[in-house]
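Colleague: Could you walk me through reading a few features of a fold? I'd like the general idea, then the case at hand.

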Amino acid sequence: MNRLPYDDVRIIEKCATLTGRLIGLLFADQGAEVFVERGVGATQGGHDGYLDRGKIGVPPGALADTSSADVIIVDGTVPVSRTAAQIILRVTAAVPGDETYGHLAADCSEDLLNALVGIFTDMATFGRVLGRPVIYTPLPICSVYAGVLGAIAAGAALVDRERGGGGREIVASRLAGGLSAIGALTLTSSGIPPHLAPASIVGGLPAGLTQARFQDIVQDAARDSAAELWL
């Protein structure tokens, strides 16, 4: 039987946020033993079956002792003791010390974070070129990106622990996750040799998009004509 990358890793997940639960899921998919108290995160709607996939459910209160864990995932500033070799991963809205948004709760509204980051603006890769209107997205972009980045950071901390034996505390900021999702769209640079300059995401129209834009104009005109006829 083939071993998975995190077969020998034990994780205790004590979160209600989508980000924390997604981090646990990503590790469980790669072989880690992820323990979760059933009842934690019960407000997540119909996604419990997905987010708890591959995890080991225990009764509420059974995870009070976290001394056996390699990684402990918690929300916000929840107190948790750790040994020198343990890794604590905290899910927050903003990074610690943020004077503007540091007051936000770890589980604050996804829509609020999307608005603060700028996801509800014209940040679509080709939206502006194609004349698309700014639209609302129900996708939890901040939480999902923070979950992926948090899992990567925890994996890096585990590798570092193999080298030096020490654990650490990590913060997975949901706001920072959202910024990472759209940051490349506002990236500017200067003084870089042309062969090292980052590729422009919105620089030109890929093949076929010009025709797609033309078809959009035709369809819009047809809808306007139909509306005038009904009036």
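Modeller: Sure, we'll take a strand, a lysine and a surface patch in turn.
This is a predicted model, where local features need pLDDT of at least 70, side-chain atom pairs count only at pLDDT 80 or more, and totals for chains, interfaces and linings use all residues. Residues are numbered from 1 along each chain as its sequence is written, and side-chain values use heavy atoms, with hydrogens and water left out.

Colleague: Which strands does β4 pair with?

Modeller: Strands (E, at least two residues) are DSSP runs numbered from the N terminus, as are helices (H or I, at least four). Two strands pair if DSSP finds at least two bridges between them. Here β1 (residues 10-14) runs parallel to β4, joined by four bridges, and β4 pairs with β5 (residues 87-92) in the parallel sense over five. Asp75 sits opposite Val91 in β5.

Colleague: Is Lys55 buried or exposed?

Modeller: Buried means under 20% relative accessible area, exposed over 50%, and partly exposed in between (1.4 Å probe, protein chains only). Lys55 has 9% relative accessibility, so it counts as buried. Lys55 lies in the loop between α2 (48-51) and β3 (56-58). Contact means heavy atoms within 4.5 Å; beyond four places in sequence, the contacts of Lys55 include Glu13, Leu25 and Arg38.

Colleague: And Tyr145, where is its place?

Modeller: Tyr145 belongs to helix α5. Tyr145 counts as partly exposed because its relative accessibility is 37%.
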